[in-house]
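Here is a short report for a first look at this structure. Keep the sequence and the 3D view at hand while reading.

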2 protein chains.
Amino acid sequence: MFAPAYLDWNASTPVDPAVREAMLPWLDASFGNASSRHEYGRRARAAIDAARAQVAAAVNAHPTEVIFTSGGSEANNLFLKGAAAMMKPGLVAVSAIEHPCVREPARQLRRLGWVMREVAVDVHGCIDADDWKSTLEARPSLVSVMLANNETGVLQDIGALATQAKAGGAYIHTDAVQALGKIVVDFRALGVNALTLSAHKIGGPLGAGALIVDKRVELAPLVAGGGQERGLRSGTENVAAIVGFGAACEAAVARMSKEQRRLADLRDSLDAVLVAAGATLFSTAPARLPNTCFFGFDGIDGETLVGKLDRAGFACASGSACSSANPEPSHTLLAMGVAPDTARTAVRVSLGRDTTAKQVTEFGGALIRIVDELKNLAAMAA
Amino acid sequence: MFAPAYLDWNASTPVDPAVREAMLPWLDASFGNASSRHEYGRRARAAIDAARAQVAAAVNAHPTEVIFTSGGSEANNLFLKGAAAMMKPGLVAVSAIEHPCVREPARQLRRLGWVMREVAVDVHGCIDADDWKSTLEARPSLVSVMLANNETGVLQDIGALATQAKAGGAYIHTDAVQALGKIVVDFRALGVNALTLSAHKIGGPLGAGALIVDKRVELAPLVAGGGQERGLRSGTENVAAIVGFGAACEAAVARMSKEQRRLADLRDSLDAVLVAAGATLFSTAPARLPNTCFFGFDGIDGETLVGKLDRAGFACASGSACSSANPEPSHTLLAMGVAPDTARTAVRVSLGRDTTAKQVTEFGGALIRIVDELKNLAAMAA
């Protein structure tokens, strides 16, 4: 099987072998509905409880604050729609660079009489201080700002934003799916009311995520029924995926400090190669994820470049993978004031635990070769 | 590991070995976000497309009518809330014996101005003809009646109900999670607008289900964001679970006609033992699932009996497993007019592909012994 070098760890990750081992019994002799009152059910329940403790520990939360969902998108929707359903319609404010699974549910609230506002970011992709101030003056009921951006890797100062938002009476949520396992994510220290996690971004399986939520926030369930997850997320629990999520949290946090340094070194070496080759780096803010490199070459379409790199044996992304059915240029870059033509050149490389120095070096070489070819083609066509 | 005989196949099922084989690559070298535009992403997309065709074929639907969800509960919620969001508030009618994941979302619609009505059933657990008629006279916009009940196994004549409901202008949905793999489920022949399926009830994994829906029904997504599943269910697709769901559909349909007869024979032999031992059978309607036996012994609490059976090495259920956190007697039996004290005696045995004649015989013996013990204890205490 042709296996290109995988350089798209922000889109999804291979399942960690230890995670896989933890999951396999739940696809075999251990099975059952965790609500069942027999041996099979009790074992499933105990496995879910253990995973809940692992997930909570990874982000310094209490296990009772963990609501398991089918993934990050569902958790983000659960916070916004679930909290809104328990309040009078008001203002919902989300940053202009949120993932669509935050922006879209915020937009959907308009149907219920809510006003939706996007908080601007500055040229670095950080929350714009003036727009933030005026947003808070408008007294939002619900605020959501992501901890780390999936495309640029830029981090927001969520601790400070949370203090300010809560002082104004808002509930504040942060989408931390790209942050977990890459930087410290501490639910208590951040001071947010709610936080979203996803298993498949950290070496866990697809199909599991969580909303970490403090109990002051009343939520209506998106999926109502059997009453699982304290009535906040019904449906028979996906035991294998939840067990894998727990194991992945533990593994990701355990290796983080070592990996942070290793990945930042690899990323910095790639940045240097890119700059020397004439690329524009879109993410050079000081506070950013250690594994993410977002760049473009003038006049070279990002999609085209990603296609060429794929055929050369390197898997990376142009826009955000989760919404790449959308041919529009990156909304994150547009929000940062990048011109659409420049935004269309964007390519994202994101590194992870299996990424080697050799892969990064070979990627840099292939990239320069392909960029030269494309430039020559363009010159001949001109 | 202590492994009791598993007689609770309506609650969940072990993963079929062939399904497990199909899933394993997706927890290993095959991984990736199906929206990614590289080799990993394309493989994931192709696997999802193949599974979609398998699921559609199993119920005689078109692949474009399949919306993958995280399970049956989500699919039921998606139909009720998603369709309601696109309509003016009206009447939503669901049968009194629906699973909580149909009744609860229907109740939640009241907040949005909807009127919710429960359609009565008769003593056999079939839709009451008079109440059905008067429900339709009230012109419901949305109707949901399950194809097979999870507790009694009783089947409804969904084809006839659908014709009548649609003639009155309603959209009609059926929860078919207990029917799939046990009886023929034909989306076209049933004539419903939407139908819910679940993988883990048919030898597939937890974490996958589907809403089969005809395109006349406009739906708002529960989970909005990246635009997956034609915008109706965002979130990175759970490839392993979807692949397993597809394989499980194919396997379940392939073995169905043979299994139907085998399971009905086993169930009939158990029924005979139960009747001889003085049990009340709650489900003797002619049209019922071949694998389900729902019964009770006067004066013997169902929960207690299930606990004793569990310790004796037999895993079965009292109320519906999915809502067994709820200590109330079975709402299905109450709706059938069974007295609460009698409903509290209910025990459900549900058989499946690994169930053997030996297990059923041994179960019958253990049950009679335990019932005698409990009766003697009760007599001594009296």
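The text below covers two helix pairs, the cysteines and one loop residue of chain B. The model is predicted.

**Two helix pairs**

Start with helix H2 of chain B, residues 39-58, and helix H8 of chain B, residues 239-276. Their axes come within 8 Å and cross at roughly 30°. An angle under 35 degrees counts as roughly parallel, so H2(B) is roughly parallel to H8(B). The crossing of H2(B) and H8(B) is left-handed.

Which residues of H2(B) meet H8(B)? They are B:Ala44, B:Ala47, B:Ile48, B:Ala51, B:Gln54, B:Val55 and B:Ala58. On the H8(B) side, the residues met include B:Val239, B:Ile242, B:Phe245, B:Cys249 and B:Val253. By class, the residues of this contact of H2(B) with H8(B) are 13 nonpolar, two polar and one charged.

Now turn to helix H3 of chain B, residues 72-84, and helix H4 of chain B, residues 100-108. These pack at an angle of about 30°, with their axes 9 Å apart. H3(B) is therefore roughly parallel to H4(B). The crossing of H3(B) and H4(B) is right-handed. H3(B) brings B:Ser73, B:Asn76, B:Asn77, B:Leu80 and B:Lys81 to the contact. H4(B) brings B:Cys101, B:Val102, B:Pro105, B:Ala106 and B:Gln108. The contact of H3(B) with H4(B) has five nonpolar, four polar and one charged residues.

**Cysteines**

How many disulfides does a search of the whole structure find? The count is zero over all chains. Take B:Cys249, from the H8(B) side of the contact with H2(B). The closest cysteine sulfur is in B:Cys101, 17 Å from the sulfur of B:Cys249. A disulfide needs sulfur atoms within 2.5 Å, so this pair is too far for a bond. B:Cys101 is itself part of the contact between H3(B) and H4(B).

**A loop residue**

B:Thr152 lies in the loop between strand S5 (142-144) and helix H6 (158-167) of chain B. What does B:Thr152 touch, not counting residues up to four places away in sequence? Its contacts are B:Ser283, B:Thr292, B:Phe294, B:Thr332 and B:Met336.

Is B:Thr152 buried or exposed? Its relative accessibility is 1%, so B:Thr152 counts as buried. The table sets this value beside those of the two cysteines.

| Residue | Relative accessible area | Class |
|---|---|---|
| B:Cys101 | 4% | buried |
| B:Cys249 | 1% | buried |
| B:Thr152 | 1% | buried |

Technical notes:
Residues numbered from 1 in each chain as written. Chains lettered and ligands numbered in written order. Predicted model: local features only at pLDDT ≥ 70, side-chain atom pairs only at ≥ 80, totals over all residues. Heavy atoms only, no water. Axes fitted to C-alpha atoms, helices over the stretch in contact; angles between N-to-C directions. Helix = DSSP H or I, 4+ residues; strand = E, 2+ residues; numbered from the N terminus. Parallel < 35°, antiparallel > 145°, perpendicular 65-115°, else oblique. Left-handed = near helix turned anticlockwise from the far one by under 90°. Contact = heavy atoms within 4.5 Å. Nonpolar A, V, L, I, M, F, W, Y, C, P; charged D, E, K, R; others polar. Buried < 20%, exposed > 50% of the residue type's maximum accessible area, 1.4 Å probe, protein only.
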